[in-house]
Amino acid sequence: MAKEREIKRRIRSVGNTQKITRTMEMVATSKLKRATDRVRAARPYADALSDVVEGLYSPSLAEQFPVLRQPAEVQRVAVLLLCANRGFCGAFNANLIRETLRVIDRLEGDGVAVELHVAGKKGIAYFRFRGRELMTSDRGVGDQPTLEDAGRIADPLRERFEQGEIDAVHVVSAEFRTAMSTPPVTSQLLPLSGGQGRSAADAYILSPSSAAILGKTLPAYVRNRVYRALVENAAGEQGARRTAMKSATDNAGEMLETLTRTYNRARQAQITQEIAEIVGGAAALE
Amino acid sequence: MAESALSVRVVSPERTVFEGEARGVVAPAWDGLVGILRGHAPMITLLGAGQIVVHTGSAEQTFHVAGGLLKVEADQVTALTEYASEEPPPADVVARLRSENANLSDEGDS
């Protein structure tokens, strides 16, 4: 009897968990839809902007702009980790953190000083726990990252790069390939790789000078790179969460099936035993 | 279609605010308004704060923008701006942009 009741309790508890994971899956699905829309909506601006920047870029201009400087010797590098504020999204955060550790190891192996910047509570918590010092930590990025979020994270890094305090900025974030595939990638935010310098500048009327236009556009370009990374990250997080919650729901279903079977077997064994006892008792009376 | 031969896009990082055909565009460049019609020479200019007016045949559409740049090439007009909306931008953004643009000078290009 005791076993039956115990199994029944477990069935109820697994059932409740399944309800929760199923709800989380549905929430993630709807958020994922919106997040992918944002990823798509961010593309035209980014494409057009890099088109302009590449069009105006020329090696001689590069020397005027601190953002475009290519340090001959890399001594100090900033690594920026973008990860989620919340868990329950499978290995999403763990993958990003592992990639970050790999990047840090590689850089420090080359004798480069690394400073760590983290956006996202999960990454912050991990590195706090490991006792690693964080230069900056940002918890303010929500499910729908805004340009202000990107500016808040990117602008200080850009300024410090311009002043020569750091020689490069690497960003670790999730690439949103599909909802199922969101691998961590490391990309170099600064120095900007100047491209070929098509220098189509002659073909345009420029007002004001190309230097002035680049001066205003480059910061926006850097900001936009971070914005896109944030948006892709947000979509990746929801995708990973949906996948994780789907398999949790499936697993709970499987578990329920086995438990129900065990429960029925226990119940039948009980009944069989009772009948056997009754029959045995009746036989003894004759 | 010869009448409305400009294809116009107003794009912000978050979304494409406007995309369509137009007869003419008036945009707030950093140093004053510019008007663009069909056959305009290729141009890249910084935008200031103000309203982009897109003239489409009978009607016109207005968007508030602040900062960014405007590119004209082969009758394609693209406005890239970090602020684009039907609502006017906050006053401090406008003020900052005005003072920044006042410091720019049109020294031409080398």
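## Two chains and the side where they touch

Biologist: Let's start with chain B; which pattern does chain B follow when read along the sequence?

Modeller: This is a predicted model, and along the sequence chain B has 1 helix and 10 strands. Their order is β-β-β-β-β-β-β-β-β-β-α.

Biologist: Nice. What radius of gyration does chain B have, set against the globule rule?

Modeller: The C-alpha trace of chain B spans about 40 × 35 × 20 Å along its principal axes. For 110 residues the globule rule gives 13 Å, and chain B comes close to that, so it is as compact as a globular protein of that length. The radius of gyration of chain B is 14 Å.

Biologist: And what share of the residues of chain B count as buried?

Modeller: Let me begin with contacts in chain B between residues at least 6 apart in sequence: 48% of these join residues at least 24 apart. As for burial, the share among the 110 residues of chain B is 35%.

Biologist: Over to the interface: which element of chain A gives the most to the side that touches chain B?

Modeller: Here 24 residues of chain A are in contact with 25 residues of chain B. Helix 1 (2-56), strand 6 (205-207) and helix 6 (210-285) of chain A each supply at least two residues of that side. The residues on the chain A side divide into 18 nonpolar, 5 polar and 1 charged. With 8 residues, the element that gives the most is helix 6 of chain A.

Biologist: Which residue in strand 5 of chain B is the bridge partner of A:Ile205?

Modeller: Strand 6 of chain A and strand 5 (residues 43-46) of chain B run parallel and are joined by 3 bridges. Within that pairing, the partner of A:Ile205 is B:Met43.

Biologist: Now helix 3 of chain A: how far apart are its end C-alpha atoms?

Modeller: Helix 3 covers residues 92-109 of chain A, and at 1.5 Å a residue its 18 residues should span 26 Å. The model agrees with that expectation, because the end C-alpha atoms are 26 Å apart.

Biologist: How wide an arc do the buried residues of helix 3 of chain A cover around the axis?

Modeller: The buried residues are A:Phe92, A:Asn93, A:Leu96, A:Ile97, A:Thr100, A:Val103 and A:Ile104. They sit on the same side of helix 3 of chain A, because the arc they cover is only 120°.

Biologist: Which exposed residues does the face turned away from that buried side carry?

Modeller: The buried residues of helix 3 of chain A have cover that includes strand 1 (76-82), helix 4 (121-130) and helix 6 of chain A. The face turned away from the buried side carries the exposed A:Asp105 and A:Gly109.

Technical notes:
Residues numbered from 1 in each chain as written. Chains lettered and ligands numbered in written order. Predicted model: local features only at pLDDT ≥ 70, side-chain atom pairs only at ≥ 80, totals over all residues. Contact = placed C-beta atoms within 7 Å. Helix = DSSP H or I, 4+ residues; strand = E, 2+ residues; numbered from the N terminus. Nonpolar A, V, L, I, M, F, W, Y, C, P; charged D, E, K, R; others polar. Pairing = 2+ DSSP bridges. Expected span 1.5 Å × (residues − 1). Buried ≥ 20, exposed ≤ 12 C-beta atoms within 10 Å, placed from the backbone. Arc of directions from axis to C-beta. Rg over C-alpha atoms; globule rule 2.2 N^0.38 Å.
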